[in-house]
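Open the model in your viewer and keep the sequence panel beside it. We will go from stop to stop, selecting a few residues each time.

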Amino acid sequence: MTTTTGTATTTTTATATAIATTATTATTTARATSRPRLGPVPVLWLALLATPLAAGANAPVLILPDMARALGVSGSTATWLVASYAWAMAVGTPLLAGLLRRRGLRAVLRVASALLVGGTLLVAASPWLPLTLTGRAAQAAGGAGLTAVAMSLAGSARRMGVISAGFGILGASGPLLGAQLAHAVSWRLSLCVSVIAVLAVPMVSRYATTPAAPTAPAAPTDPETTHQGRFDVRGAALLTAFVTTLVLLPHTPAAALGSSAVAATLLALHIRRQPDGFVPAALIRKPLFLGSALLALALSGSYFTLLFSVPRLLADRAGWDAGTAGTGQLVALLTGSALSWLPAAASARMSRVAVRSVLVGVGAAAAAIAVFASWGPLLLVATVGGTFAATGANAVLSMHAVSSAPDPQRPTAIGLFALCYQLGGAFGPAIATALVLAA
């Protein structure tokens, strides 16, 4: 880490003093760009670092047929461009959070940026589906690493609320943004929007010296500090295998169900043998962490179920055409995302039980409305409620989960919590297909 001392040698003549002062000032100015700044990273930079991932994930939704034709594959095959992104997000989050724990902030920023930029170049230039899939996976893994950094540096539920609201807003805007870019330029440009996150990397690297604690500031440490102990390769591999089987569950349920059971058993046995490994046993046994992560999974799954179900319900029950339904859902998603900042901002003045009661109550009401409502505006209210509950849970419950972990394990806690939340994105569409879309 480069630093400047700002020390000049005192001389007995005014000329020598002026020369020394000028030299010191020039040196300080020349080297200031590499000097880290103490204090919290401005939250807007953290939002820029994290939220383009959501736009990149949803950009292909409306342009899958165009992508399939360009690549010479069927529409169902082209959906793997969405599935590969979701898989890499889910797998990359805990892996790069583990790297953050062991190697520090700057190492993750370098690796994640390289993955994101390299993946974007592949997506932009590759004429074949396998290379494009590889590029999408690299983009998602890199974006997941940057998101893990942003969540670790948030430091409070209020700041995390800004990031989560940004996630919801860009996620809601992603399909329309992707369609517009595809129409104006190319579908490949639509898949490259997540790369704008690298613009925040230099500023975050300058400000931050260590991941911030969620409740009280931790003593600053060098971001290049390496944590002791050997890397748990087997634990990381088993977690990756388990997550992979879960992500594949909606696509190949018969094979994935047995595989996930085997992977879960092997992972549990490994955690018992190596309790301080990649998945710390003490962390997943804490009721606060486990309850927060599972509740986030449930609310996220409910949200993604509504996301895919409501357009069909608007057509079947209320007689809305596709354009009206799409516009209404976009407004509802943006509204819910913006409102989700409220529980994050108020969480410091509310008990954990009260905050969770609000999130669960709103989420349950949204699901109930979607089941029974036949009036179009009321179905949009359900979308607002589901978005509010899931996005607010990501902000508030992530802080609850991380507060249960000791300082060295907080990046790991962030990674595992985010993994649970993102699994809702894999389960929600499958539930929507089984209950609504296949009807």
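The tour starts with the whole chain, then visits three helix pairs and two single residues.

**Before you click**

This is a predicted model, in which local features need pLDDT of at least 70 and side-chain atom pairs count only at pLDDT 80 or more, while totals for chains, interfaces and linings use all residues. Residues are numbered from 1 along each chain as its sequence is written, and side-chain values use heavy atoms, with hydrogens and water left out.

**Stop 1: the whole chain**

Show everything as a cartoon. The protein chain has 20 helices and zero strands; here helices (H or I, at least four residues) and strands (E, at least two) are DSSP runs, numbered from the N terminus. Of its 439 residues, 49% count as buried, where buried means under 20% relative accessible area, exposed over 50%, and partly exposed in between (1.4 Å probe, protein chains only). Among contacts (heavy atoms within 4.5 Å) between residues at least 6 apart in sequence, 82% join residues at least 24 apart.

Now colour by pLDDT, the predictor's confidence in each residue, from 0 to 100. The chain averages 81, and 85% of the residues score at least 70. Which element has the lowest mean pLDDT, and which the highest? Helix α1 (residues 14-31) has the lowest, at 36, and α18 has the highest, at 94. Select residues 1-36 next: pLDDT is below 50 there, and this stretch has 24 contacts in the model beyond near neighbours in sequence. Residues 210-228 also stay under 50, with 42 contacts beyond four places in sequence. Where pLDDT is low, the predicted coordinates should not be read in detail.

**Stop 2: α15 and α18**

Two packed helices are described by the angle between their axes and the distance between the axes. Axes are lines fitted to C-alpha atoms, for helices over the stretch in contact, and angles run from 0 to 180 degrees between N-to-C directions.

Select helix α15 (residues 287-318) and helix α18 (residues 352-372): they pack at an angle of about 25°, with their axes 9 Å apart. The two are therefore roughly parallel to each other (angles under 35 degrees count as roughly parallel, over 145 as roughly antiparallel, 65 to 115 as roughly perpendicular and the rest as oblique). Show side chains where they meet: Leu295, Leu299 and Leu306 are among the residues on the α15 side, and Leu359, Val360 and Ala366 are among those in α18. By class, this contact has twelve nonpolar, four polar and three charged residues. (Ala, Val, Leu, Ile, Met, Phe, Trp, Tyr, Cys and Pro count as nonpolar, Asp, Glu, Lys and Arg as charged, and the others, Gly among them, as polar.)

**Stop 3: Val149, then α8 and α9**

Go to Val149, in helix α8 (residues 129-154). Is Val149 buried or exposed? At 1% relative accessibility, Val149 counts as buried. Leaving aside neighbours within four places in sequence, Val149 is in contact with Leu49, Leu105, Val108, Leu109 and Val204. Try a distance to Thr93 as well: Val149 and Thr93 are 56 residues apart in sequence and 9.8 Å apart in space, C-alpha to C-alpha.

Add helix α9 (residues 157-184), which packs against α8 at an angle of about 150°, with the axes 8 Å apart. That makes α8 roughly antiparallel to α9. Thr147, Ala150, Met151, Leu153 and Ala154 of α8 make the contact with Arg159, Met160, Ile163 and Phe167 of α9. These residues divide into seven nonpolar, one polar and one charged.

**Stop 4: Thr383, then α16 and α19**

Last, pick Thr383 in helix α19 (residues 376-403). Thr383 counts as buried, at 3% relative accessibility. Not counting residues up to four places away in sequence, Thr383 touches Val310, Gln329, Ala332 and Leu333. The C-alpha atoms of Thr383 and Leu307 are separated by 7.1 Å, though the two are 76 residues apart along the chain.

Select helix α16 (residues 322-339) too: the axes of α16 and α19 come within 8 Å and cross at roughly 35°. Among the residues that meet are Gln329, Ala332 and Leu333 in α16, and Leu380, Thr383 and Val384 in α19. The contact divides into six nonpolar, seven polar and no charged residues.
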